[in-house]
Amino acid sequence: MESKLEEPLRPISYLISENLFNSIFLHKDDNACPAINFYNYTSFIQAAKCFPNFGNTGDIATRKREIAAFLAQISHETTGGWATAPDGPYAWGLCFKEEINPQSNYCDSTNTQWPCYPGKSYHGRGPIQLSWNYNYGPAGKAVGFDGLRNPEIVANHSLIAFKTGLWFWMTEQSPKPSCHDVMVGKYVPTEADLAANRTAGYGLVTNIINGGLECGIPNDARVNDRIGFFQRYAQLFKVDTGPNLDCANQKPF
């Protein structure tokens with residue numbers, strides 16, 4: 001039972017070395033990738049220090065699995081991969097830092113708590129592709145930038161970019177649990193969650209991130225892409241993925 005003991009808080013660099021990071025993101029600095037030289041290892045490790053429970057909860061396998069799950073989800077959000085890509089479709093995470101040809105400015109004008117600033121666009125930026133004024137506002141407040149007046153910084157400052165991704169991962173936004181709590185076994189389903197078949201696992205993380213578009217659909221290609229990244233990364237971390245990888249039978253939040 002030794003392995004189940006809570007380990008002390010440590011910088012996650014002991015679980016993910018720069019070599020491992022680079023073997024996960026084989027092509028992020030290819031000339032073909034718009035985010036070339038943007039998502040560097042140092043920024044990732046620095047950002048993680050601002051969220052000390054990330055990759056630092058539970059036993060070593062749980063910690064590694066959480067890091068692998070986070071990196072897999074941000075890889076899907078920023079992928080430059082395609083089916084026959086060199087090294088396979090799951091070697092092209094962190095290729096983009098900004099949404100290409102956004103269909104709108106992602107301003108929810110009904111949200112008065114985080115009002116849009118004139119002329120600003122809240123389209124997807126950074127590793128989690130932070131979107132909408134109601135995410136930019138609180139993300140900025142939490143990690144130290146003006147999300148409503150200066151959303152562009154998320155695509156221009158790699159440390160802030162990684163911090164927004166980790167903020168989204170670590171922060172519960174009711175009725176959704178945090179991605180972190182799901183991956184470390186701290187998610188306690190409500191009656192509504194049970195009725196919606198929202199069972200713990202990587203599939204629930206996908207539901208939190210984009211369930212409205214991707215969940216409750218059999219064999220969704222986007223869900224499968226997220227799973228493909230996670231399976232590859234879990235293997236590199238030498239951990240299993242755990243159960244419930246998809247959200248085909250879950251209702252979105």
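Here are some numbered notes on this structure, which is a predicted model.

1. Let's start with the overall layout. The protein splits into two domains: domain 1 takes in 11-96 plus 172-252, and domain 2 runs over 98-156. Measuring over C-alpha atoms, their centres sit 22 Å apart.

2. Next, how the two domains meet. Ten residues on the domain 1 side are in contact with eleven residues of domain 2. Between them the domains bury about 790 Å², and 69% of that is on carbon and sulfur atoms. On the domain 1 side, Phe-38, Glu-77 and Phe-96 give up the most area to domain 2, and together they make up 47% of what that side buries.

3. Glu-77 deserves its own point. UniProt lists Glu-77 under "active site", though the entry is unreviewed. The residue lies in helix α3. Is Glu-77 buried, exposed or partly exposed? Its relative accessibility is 22%, so Glu-77 counts as partly exposed; the cut-off for buried is under 20%. Leaving aside neighbours within four places in sequence, Glu-77 is in contact with Pro-127, Ile-128, Gln-129, Ile-209 and Arg-226.

4. Now the helix that carries Glu-77. Helix α3 covers residues 60-78, which is 19 residues, and it reaches 27 Å from its first C-alpha to its last. That is close to the 27 Å expected at 1.5 Å a residue. The helix is mostly covered, with 15 of its 19 residues buried.

5. Helix α9 is another one to look at. It has 17 residues (221-237), and its end C-alpha atoms are 24 Å apart, which agrees with the 24 Å it should span at 1.5 Å a residue. Its buried residues include Asp-225, Arg-226 and Arg-232, along with Phe-229, Phe-230, Tyr-233 and Phe-237. Arg-226 is also one of the contacts of Glu-77. What lies over the buried residues of α9? The cover includes α1 (18-24), α3, α6 (179-183) and α8. Right after α9 comes Lys-238, whose phi is positive, near 60°.

6. Val-205 is placed in helix α8. With a relative accessible area of 0%, Val-205 is buried. Which residues does Val-205 touch, not counting those up to four places away in sequence? They are Gln-73, Trp-169, Cys-179, Val-182 and Met-183. As for Cys-116, it is 89 residues from Val-205 in sequence and 27 Å from it in space, C-alpha to C-alpha.

7. Arg-198 sits in the loop between α7 (191-195) and α8 (202-214). Despite the loop setting, Arg-198 is buried, at a relative accessible area of 9%. A polar atom of its side chain lies 3.1 Å from the backbone oxygen of Pro-252. Not counting residues up to four places away in sequence, Arg-198 touches Tyr-187, Ala-192, Asp-193, Leu-204, Asn-207, Gln-250, Lys-251, Pro-252 and Phe-253.

8. Asn-56 is a second loop residue, this time between α2 (41-49) and α3. Asn-56 counts as buried because its relative accessibility is 6%, with the cut-off at under 20%. Where does the side chain of Asn-56 reach? It gets to the backbone oxygen of Arg-10, at 2.7 Å. Leaving aside neighbours within four places in sequence, Asn-56 is in contact with Pro-8, Leu-9, Arg-10, Arg-63 and Glu-66.

9. Thr-110 is in the loop between α3 and α4 (133-143). Is Thr-110 buried or exposed? At 64% relative accessibility, Thr-110 counts as exposed. Its side chain makes a polar contact with the side chain of Asp-108, at 2.5 Å.

10. Last, a record to check by eye. UniProt has the annotation "domain: Glycoside hydrolase family 19 catalytic" on residues 160-170, again from an unreviewed entry. In the model, the span 160-170 is 100% helix and 0% strand, and its end C-alpha atoms lie 15 Å apart. Trp-169, one of the residues that Val-205 touches, has a number that puts it inside that annotated span.

Notes: Residues numbered from 1 in each chain as written. Predicted model: local features only at pLDDT ≥ 70, side-chain atom pairs only at ≥ 80, totals over all residues. Heavy atoms only, no water. Helix = DSSP H or I, 4+ residues; strand = E, 2+ residues; numbered from the N terminus. Buried < 20%, exposed > 50% of the residue type's maximum accessible area, 1.4 Å probe, protein only. Polar contact = N/O pair within 3.5 Å; in protein donor to acceptor, adjacent residues only side chain to side chain. Contact = heavy atoms within 4.5 Å. Expected span 1.5 Å × (residues − 1). UniProt positions renumbered as here; feature names shortened; annotations may be inferred. Domains from an automatic or database assignment. Buried area = accessible area lost by both parts, 1.4 Å probe.
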